[in-house]
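Here is a short briefing on one protein chain. Please keep the sequence and the 3D view open while reading.

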Amino acid sequence: MPLSPDPYSALRNAAKYVQQFRRKTFVVKLGGAMLSDPRLRRAACEQIALLWTFSIRPVVVHGGGPELDTLCDALHLPVEKVAGRRVTSAPVLDAAKMVLAGKLHTDLLADLQAAGVPAVGLSGVDAGLIKARKRPPVMVTEAGATEGRLVDYGLVGDIEQVDTRVVEHLRSADYVPVIAPLSGGADGAVYNTNADTVAAALAVALSAEKLFFLVQVPGLLKNVSDPSSLVTLANLTDLATMESTGAISGGMKPKAHAIRHALVGGVGSVHLVSGVQPNALLEEVFTNEGSGTMVVRENANKPAGAVG
């Protein structure tokens, strides 16, 4: 009689990754689009809960772009984005506070609590976590344009310093920090700061093992209209090539900048993973094949699905 397959083989395979990543810091950035869908939000929270159960130390950063767009429309405020980044007027900043540190933030905390995660909500303003200055007008060349133009992004903060003491204080008591992407100036000003940028800055400051971006697509795509063109492994040179060819554009451009900042700053690897496909985050962490794109500074050997 043939032996039945080992029912514990998957558990044994996952165990080696649990041992490897125990007590390591993972920064997980959740995109606003999936946070607007309660089902996807709860699924992401359940995956984060499993990481925490295995003694991996998650820090969560969230965006909120779609919900902010919806509120701005309801308030008859213009929604303006240049090169994937929002132009933030004073009324738009007030709306951002309501969304990023209000309803969306609270709903995410509630779902994490329901999944068994002792989550504590913060913004970058709390305890001077994210210190920033107002971004000066910058030259921006948009996709398809031959010349740049000077853009004033308004009340957008460029990060100057990350003070992780409040995060470390919470983590020392086994709480999971959940951070909204607002930053504070030395003069008491509050700024809107891109959530991808905040996640990368925190990952560097916390010496994170990994930084994850949960996105609507499977990962980095060679062809943005073809989900099957997934790039499974890339390095910084590949990233630059994809930007130059237009494979990375729009809202992916801030992510590419954040990936570069994180890897140059010492983060071990950055992963773009679907926030839509079931258990994609767990598959990326606990299997050799993964589910999305892993970006590293350099890679000697490229498997099938890699760029180049």
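The points below cover aromatic contacts, one helix and the nonpolar cores.

This is a predicted model. The structure holds three aromatic pairs. The largest nonpolar core has 43 residues, and another core, of 38 residues, lies apart from it.

**Aromatic contacts**

- The ring centres of Phe 21 and Phe 26 are 5.3 Å apart, with the planes at 65°. Planes over 60 degrees apart count as edge-to-face, so this pair is edge-to-face.
- Phe 26 also pairs with Phe 212. Here the centres are 5.3 Å apart and the planes meet at 50°, a tilted arrangement.
- That second pair links distant parts of the chain. Phe 26 belongs to strand β1 (residues 25-30) and Phe 212 to strand β13 (residues 210-215), 186 residues apart.
- Ring pairs thus join Phe 21, Phe 26 and Phe 212 into a cluster.
- Buried means under 20% relative accessible area. Phe 21, at 4% relative accessibility, counts as buried. Phe 26 is buried at 0%, and Phe 212 is buried at 0%.
- Elsewhere, a charge meets a ring: the charged end of Arg 135 sits over the ring of Tyr 153, 5.1 Å from its centre.

**Helix α3**

- Helix α3 has 16 residues (residues 38-53). At 1.5 Å a residue, the helix should span 22 Å. Its end C-alpha atoms are 22 Å apart, so the two values agree.
- Asp 37 caps the N-terminal end of α3. One of its side-chain oxygens lies 2.9 Å from the backbone nitrogen of Arg 39.
- After α3 comes Ser 55, with a positive phi near 65°.
- The buried residues of α3 are Leu 40, Arg 41, Ala 44, Cys 45, Gln 47, Ile 48, Ala 49 and Leu 51.
- These buried residues pack against β1, α2 (32-35), β2 (57-62), α5 (90-114), β13 and α10 (280-286).

**Nonpolar cores**

- In soluble globular proteins, nonpolar side chains tend to be buried together.
- Within the largest nonpolar core, Leu 30 and Phe 286 touch the most other members.
- Helix α5 gives this core its largest share, nine residues.
- Phe 286 touches Asn 13, Ala 14, Tyr 17, Val 18, Leu 51, Phe 54 and Ile 56, not counting residues up to four places away in sequence.
- The other core, of 38 residues, includes Val 27, Leu 122, Val 215 and Met 242.

Notes: Residues numbered from 1 in each chain as written. Predicted model: local features only at pLDDT ≥ 70, side-chain atom pairs only at ≥ 80, totals over all residues. Heavy atoms only, no water. Phe/Tyr/Trp six-rings, centres within 6.5 Å; stacked < 30°, edge-to-face > 60°. Buried < 20%, exposed > 50% of the residue type's maximum accessible area, 1.4 Å probe, protein only. Helix = DSSP H or I, 4+ residues; strand = E, 2+ residues; numbered from the N terminus. Lys NZ or Arg CZ within 6 Å of the ring centre and 35° of its normal. Expected span 1.5 Å × (residues − 1). Contact = heavy atoms within 4.5 Å. Polar contact = N/O pair within 3.5 Å; in protein donor to acceptor, adjacent residues only side chain to side chain. Core = buried A, V, L, I, M, F, W, Y, C linked by side-chain atoms within 4.5 Å.
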